[in-house]
Structure formats: structure tokens, C-alpha cells
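User: I want to check the labels used for this structure one by one. Please give the value each time and set it against the rule behind the label.

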2 protein chains.
Amino acid sequence: MGIIRLKNRAGVASVAAVCGKKEYDGNFGDRYDEYSDDDTFKQKTFERAEEEMQRRCFGHALRKGGFAPSDIDAVFAGDLMNQCTASSYGLQDYGIPYIGLFGACSTMAEAVMLAALTVDGGYFKRAAAAVSSHNCTAERQFRTPVEYGGQRTPTAQWTVTGAGCAVIDAGPSVMYIKEVLPGRIVDRGVTDAANMGAAMAPAAADTFKRYFDESGLKPRDFDVILSGDLGCEGRTITAELCEYDGIFLGENYHDCGELLYKPEQDVHSGGSGCGCSALGLAVYLYERFRKKEIKNALFVGTGALMSPMSVAQGHSIPGVAHLVRFVSEV
Amino acid sequence: MGIIRLKNRAGVASVAAVCGKKEYDGNFGDRYDEYSDDDTFKQKTFERAEEEMQRRCFGHALRKGGFAPSDIDAVFAGDLMNQCTASSYGLQDYGIPYIGLFGACSTMAEAVMLAALTVDGGYFKRAAAAVSSHNCTAERQFRTPVEYGGQRTPTAQWTVTGAGCAVIDAGPSVMYIKEVLPGRIVDRGVTDAANMGAAMAPAAADTFKRYFDESGLKPRDFDVILSGDLGCEGRTITAELCEYDGIFLGENYHDCGELLYKPEQDVHSGGSGCGCSALGLAVYLYERFRKKEIKNALFVGTGALMSPMSVAQGHSIPGVAHLVRFVSEV
């Protein structure tokens with residue numbers, strides 16, 4: 001039994017999203033709080049650009065919620081860079097107690113889950129979830145520098161340049177966290193670092209199966225089911241794996257990696273990275289709750305927990321998927 | 001106001017510690033559950049050795065507590081390797097919901113803090129904190145491969161080869177978590193990656209000052225004050241920084257980095273790494289509570305949140321320090 005039902009009230013008090021040029025040119029350009037037209041945010045390195053992006057995003061979340069840094073008791077944060085430096089350097093100036101996470105691309109769901117539990121339990125009055133990824137920092141770390149110009153395979157995904165932040169507290173909100181389900185690590189032997197969707201799909205399917213089995217609910221009970229960054233390859237595999245277990249995710253099932261970009265933007269299998277699900281949460285899911293288009297949704301952050309070293313040493317790629325259920329009323 | 005007081009009961013149900021040869025030859029050789037006499041744990045790479053060490057350590061913690069993997073609702077885990085792969089690969093076979101952390105060398109305190117809060121809040125019946133570091137994986141990642149044989153500076157610390165695990169639940173225990181205080185990121189401009197103690201000391205002093213100011217308690221109210229891996233350099237600086245604020249940590253203040261090794265073992269400024277504070281918690285602090293030698297202790301995990309990339313790009317090194325207060329009765 002793994003589903004955790006919240007006892008009191010924890011909702012999203014404010015969200016913010018900052019992105020790069022390609023994301024701004026995608027499907028939700030008008031919904032971002034800020035973007036950089038050359039992805040540098042006027043910094044000398046891409047690593048500093050990602051830090052700056054996260055710093056600015058957090059500032060927007062504070063501003064939009066009417067909060068001072070001292071109003072936030074703790075920030076749960078992480079990113080893809082080695083030792084998660086986009087978060088530690090990006091957020092240090094705010095002086096807020098800092099709880100570092102590494103969940104790879106699932107970090108936004110993990111952070112929201114932990115922020116919600118600690119707020120619901122009364123340990124923090126208000127906590128934030130903050131994550132980022134940057135195409136140029138991730139590609140040169142995990143695969144090849146973008147300047148190398150390597151040919152990308154059809155299953156490759158495009159690491160999103162984006163930072164997202166959600167502030168969680170017990171006040172009134174358009175979306176509340178009702179349940180969370182932390183994911184298990186699942187490794188089905190995928191070794192292709194250019195096919196993250198296939199590596200993460202078994203973990204996503206495992207979390208979906210655990211959730212629906214234990215809750216007794218069906219996918220059709222939800223207005224939206226949103227996975228983090230499986231892309232079209234991983235989303236298709238996840239839907240098939242769920243079907244083997246009699247779970248039909250249906251037409252309300254979407255993936256952030258498919259939503260963010262336009263078809264003509266050539267992102268192959270879709271977006272990926274910590275920023276992918278974070279942007280999806282901020283500019284798609286939150287917006288639909290705010291407009292009262294949806295009342296009940298599942299958000300499943302997906303992460304691939306390998307490193308370049310583990311792949312080079314012949315390890316297969318383990319995945320994890322954390323689930324958060326959002327509702328419009330509690 | 002940042003100190004969080006637990007509401008119910010969360011205690012350490014079992015601990016385990018596995019280490020390398022140098023740690024076994026140190027001050028607490030007879031207290032480790034297992035060690036590898038060549039630090040390889042019979043694996044082909046040092047990375048796999050660290051994974052195996054963490055896997056074995058978790059197994060010992062289960063065995064000593066009389067638990068099956070299904071008795072543990074979640075594991076909070078992390079390590080120093082890029083993308084924290086020692087934890088994700090090392091623990092995946094247990095099939096336990098996995099919540100990945102990155103707190104650098106502060107990860108054990110961070111994990112115990114989160115496990116304690118989520119157990120205390122009733123969200124998990126039982127949760128584990130598991131971390132590791134390995135001298136050969138850390139040195140080749142952060143500085144130079146050990147085979148290079150570089151001259152070490154007097155302020156350099158010795159990354160501990162060790163894995164520690166603590167299982168937290170609401171049952172009877174020899175040590176309970178009474179309070180926690182998540183740390184803030186503090187960066188005072190240290191850029192020397194061979195002086196982690198100086199980089200982390202301002203964060204440790206910040207956490208001590210916040211704790212003593214808010215609680216009204218004095219260092220002499222505690223039987224032991226134990227920091228994670230400041231070493232003799234960092235411990236001295238921390239004590240001095242605290243003295244400037246009128247806080248005299250006194251003779252009950254120790255650092256895990258100084259406790260683990262014998263003087264003749266030539267570890268320069270002392271031990272460091274996630275494993276350092278984890279071993280200190282398991283073989284020193286827990287043992288002293290178990291023998292009823294102490295009743296009230298502060299455990300402050302310290303971490304340096306830089307990466308090799310951030311150091312190479314000229315960034316200074318930020319630190320963080322999370323505090324956990326243990327007591328013998330609640």
C-alpha cells in the first residue's frame with residue numbers, strides 16, 4: 001500500500017515558468033513569465049545561464065504569490081547538472097532553507113510531493129518546489145556538446161530549456177494536492193541513452209498500475225493524466241504496458257514532452273528534462289485548473305537515473321516515476 | 001523561525017554501516033557490519049563497488065531491524081557520484097519507493113530529517129535513510145584519479161569509503177528525533193576544492209547560530225554536538241565563527257571526520273564524504289545512545305554544493321548544514 005492521502009490542505013499558491021527561445025516558440029509562448037531569446041540569460045556560460053534561469057523563475061513565483069523570501073520556509077530543488085549546481089547556485093541568494101533533490105527528470109513531481117507532505121503535516125507553513133534543465137548544459141554533459149552537431153536518432157528527445165517553480169501552502173488555491181505516490185526504481189534493460197522514453201516507460205507503467213490497483217479508480221475518472229517527459233516513444237510504450245495489465249489510459253492521457261513544442265519544431269520524440277514536466281505543470285496543468293476546465297488530474301513525473309559513467313560502464317538505465325493527484329476542491 | 005519540533009514519535013529502529021579497509025583500520029573497526037579489504041567489494045569498477053556497498057549496507061539495516069523490504073515504505077537516499085548512481089543502482093533491487101536526494105556530504109542528515117518528518121506525520125509507517133561515498137569514485141570525479149598520486153595539501157580531506165543506513169519508525173528506540181532544522185546555502189567565497197572544511201564551515205556556523213538563537217539552548221545543554229565532515233580545519237573555523245557570535249561549542253563538540261581515523265592513518269584534515277557522517281551516526285552516535293552514555297545530541301550534516309564544472313568556471317563553493325537533534329526519550 002503506497003498511496004498517501006493528504007490529511008489537511010496543501011495547494012499550489014503560485015507557479016512560475018521561465019524558458020528558452022525554442023520553448024517560447026512552442027505551443028504556450030504567451031504563458032511563460034520570461035524567456036531568453038538566445039538561451040544565455042546574458043551569462044557567460046550555459047551553466048550560469050541555467051542558474052540564472054532558475055533564480056529568475058523563483059523570483060517570479062515569489063512576485064506572483066505576493067511572497068517575500070522569508071515567507072517560504074523551505075525550497076525543495078534539483079536539476080540535471082552534476083551535483084545539481086543550477087539549483088544550489090541559482091537559489092542561494094534567497095537565503096531560504098534548501099533541501100536538495102535528485103530525481104532526474106522526475107524532480108518536479110518529487111519536489112511537489114515532498115513540499116505538499118511537509119506543508120500538510122504542519123512542518124512548514126509554506127514550501128516551494130523549484131527545478132530546471134537547459135538543453136546546452138544537459139546535452140554536453142549526457143551526450144555531446146551541441147556545437148558537435150551530432151545526428152539525432154528518431155527516439156531522441158530534446159532537453160527542455162526551462163525552469164519551473166510551484167509554491168505550496170494551506171491557503172485557497174485553484175489546485176490542491178490530494179494524494180501522492182512515490183515511485184519505485186524499475187530497470188527493464190534499456191541501454192540506449194538516446195531513448196530515454198523507453199527507459200522510463202516501465203517505471204511510469206509501474207506507478208500507474210500501483211495507483212489504479214490500490215485506489216480502485218479508472219483512468220476515465222480523471223480529466224487529465226499527464227506524464228512528465230516520456231515523449232511520443234515513451235508515452236506509447238507506457239500506454240501499451242498499462243494495457244497488458246488491463247489499464248486503458250485513454251485519450252485524456254498526455255505527456256508534457258509532446259505538449260510543449262509544435263510539430264514543425266523538429267524535437268524528434270518530444271521534450272525531456274526536469275524543465276519539461278515543470279513547464280507542463282505551470283503552463284498547461286495549472287492553467288487548465290485556473291480556467292476551471294479540469295477538476296481532477298494525475299501528474300506523473302518520470303526520471304531516468306543513469307549517469308554518463310554508468311552508461312559507459314555498460315549498466316542499463318533505471319527509471320522512476322512519482323505521482324501527484326491534483327484536485328480543484330478538497 | 002526554522003526549528004521543526006516533531007509531534008509524535010520517530011526513532012532510529014536500526015542502523016548499519018559498511019566500509020573500506022582504511023575505515024576498518026580506524027577507531028571503530030569492530031563496529032562495522034562488513035568491510036572490503038581492497039575496497040572493491042568484488043566488483044569490476046569502483047562505481048559498482050560503491051553501489052554494492054550501499055546495497056549490502058541496506059541489507060544489514062533490514063536484517064538487524066528484522067525487516068523485509070516491504071516493511072519499508074520509502075527510502076531517502078543519495079551519494080556524491082554524478083546523478084547519484086550509487087544509490088539508484090545500489091538500492092533498485094529492493095523495490096522500495098525511492099526518493100533521491102542531493103545534499104553532497106550533508107545527505108545523511110537531510111535523509112534522516114525527511115524520513116523523520118514523513119514518519120512523524122504518519123505518511124510513512126517506516127522510512128529509511130541511506131547514503132554512501134567511496135574514496136576512489138569521489139577523488140577521480142572531483143579531483144584526480146587516485147592512481148595519479150597527486151600530492152595532497154594539509155587542508156585536504158580523505159573521502160570516506162563507507163555506506164550508512166538508518167531505518168526510522170514510531171517504535172521504541174534508543175534514540176529519537178526531537179527536532180530538525182534544514183540549513184540555508186551559505187557561500188563565503190572559498191574557491192579551493194582542496195579545502196572543503198573552510199567552504200562548509202560558514203554554513204555549519206549559520207545553522208548552529210540559527211539553532212541556538214531560536215531554541216534558547218546552549219551548547220553545554222548537549223552531551224554531544226557532532227558535525228558531519230568538517231575535519232580539523234573546518235571544525236576549528238566553525239568553532240571560531242560561532243565564538244564571534246557568542247556561542248562556545250565547547251569540548252563536547254566533535255566532527256565525524258576527526259573521529260573515524262587514527263592519527264597515524266595520514267588523512268590530513270580528516271574524513272569527508274556522505275559516508276563520513278553516515279558512519280559517524282551509525283558507529284559513534286547510535287552506539288553511545290545504545291550504551292546510555294548520552295541522552296541529548298545534535299547531529300549536523302555538512303555539505304559542499306559545488307561541482308568540478310562550477311569550480312573550473314570560477315565559482316566559489318557554497319555549503320549547507322542540516323541539523324537533527326536526537327534524544328534518548330520522548
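Analyst: A helix here is a DSSP run of H or I with at least four residues, and helices are numbered from the N terminus. The model is predicted. Just after helix α4(A), G122(A) takes a positive phi of about 85°.

User: What makes residues 107-120 of chain A count as helix α4?

Analyst: A run of H or I needs at least four residues to be called a helix, and α4 of chain A has 14 residues. From its first C-alpha to its last, α4 reaches 19 Å, close to the 20 Å expected at 1.5 Å a residue.

User: How do you know whether α4(A) is mostly covered or mostly open?

Analyst: A residue is buried if 20 or more other C-beta atoms lie within 10 Å of its own. In α4(A), 14 of the 14 residues are buried, which makes the helix mostly covered.

User: Why is α2(A) described as largely enclosed?

Analyst: By that cut-off, 16 of the 20 residues of α2(A) are buried, so the helix is largely enclosed by the rest of the structure. α2 of chain A, residues 46-65, reaches 29 Å from first C-alpha to last, close to the 28 Å expected. G66(A) follows α2(A) and has a positive phi, near 70°.

User: Which of the labels buried and exposed fits K42(A), and why?

Analyst: A residue is exposed if 12 or fewer other C-beta atoms lie within 10 Å of its own. K42(A) has 9 such neighbours, so K42(A) counts as exposed. K42(A) lies in the loop between β3 (34-35) and α2 of chain A.

User: What is said about phi of K42(A)?

Analyst: Most residues other than glycine have a negative phi. Phi of K42(A) is near 60°, a positive value in a residue other than glycine. A104(B) is also a residue other than glycine with a positive phi, near 50°. A104(B) sits in the loop between β5 and α4 of chain B. With 32 C-beta neighbours inside 10 Å, A104(B) counts as buried.

User: Why is P219(A) called partly exposed?

Analyst: The label partly exposed covers counts between the two cut-offs, 12 or fewer for exposed and 20 or more for buried. P219(A) has 19 C-beta neighbours inside 10 Å, so P219(A) falls in between. P219(A) is in the loop between α6 and β10 (224-227) of chain A.

User: How do you know which residues P219(A) touches?

Analyst: Two residues are in contact if their C-beta atoms lie within 7 Å. Leaving out residues up to four places away in sequence, P219(A) touches I225(A), I247(A), F248(A), L249(A), G250(A), N252(A) and Y253(A). L249(A) is 30 residues from P219(A) along the chain, yet their C-alpha atoms are separated by 5.3 Å.

User: What makes G26(A) buried?

Analyst: The cut-off is 20 or more, and G26(A) has 21 other C-beta atoms within 10 Å, so G26(A) is buried. G26(A) is in the loop between α1 (21-24) and β3 of chain A. Among the residues G26(A) touches are L260(A), Y261(A) and K262(A). The C-alpha atoms of G26(A) and Y261(A) are 235 residues apart along the chain and separated by 4.3 Å.

User: At what angle do α6 and α7 of chain A pack?

Analyst: Two packed helices are described by the angle between their axes and the distance between the axes. For α6 (residues 196-215) and α7 (residues 231-244) of chain A, the angle is about 35° and the axes are 8 Å apart. α6(A) passes α7(A) in a right-handed crossing. The residues of this contact divide into 11 nonpolar, 4 polar and 2 charged.

User: What relation links chain B to chain A, and how do you know?

Analyst: Chain B can be laid on chain A with an RMSD of 0.0 Å by a turn of 180° and a shift of 0.0 Å along the axis. That is the relation of a two-fold axis. The same surface serves both copies, as 100% of the contact residues of chain B recur in chain A. L101(B) comes closest to the rotation axis of the residues of chain B, at 2.0 Å (C-alpha).

User: How many residues of chain B are in contact with chain A?

Analyst: 44 residues of chain B are in contact with 44 residues of chain A. α4(B) gives the most to this side of chain B, with 4 residues. By class, the side has 22 nonpolar, 18 polar and 4 charged residues.

Notes:
Residues are numbered from 1 along each chain as its sequence is written. Chains are lettered from A and ligands numbered from 1 in the order in which they are written. This is a predicted model: local features need pLDDT of at least 70, side-chain atom pairs count only at pLDDT 80 or more; totals for chains, interfaces and linings use all residues. Axes are lines fitted to C-alpha atoms, for helices over the stretch in contact, and angles run from 0 to 180 degrees between N-to-C directions. Helices (H or I, at least four residues) and strands (E, at least two) are DSSP runs, numbered from the N terminus. A crossing is left-handed if the near helix is turned anticlockwise from the far one by less than a right angle, and right-handed if clockwise. Ala, Val, Leu, Ile, Met, Phe, Trp, Tyr, Cys and Pro count as nonpolar, Asp, Glu, Lys and Arg as charged, and the others, Gly among them, as polar. The expected span of a helix is 1.5 Å times one less than its number of residues. Copies are superposed by least squares on the C-alpha atoms of residues with pLDDT of at least 70 in both.
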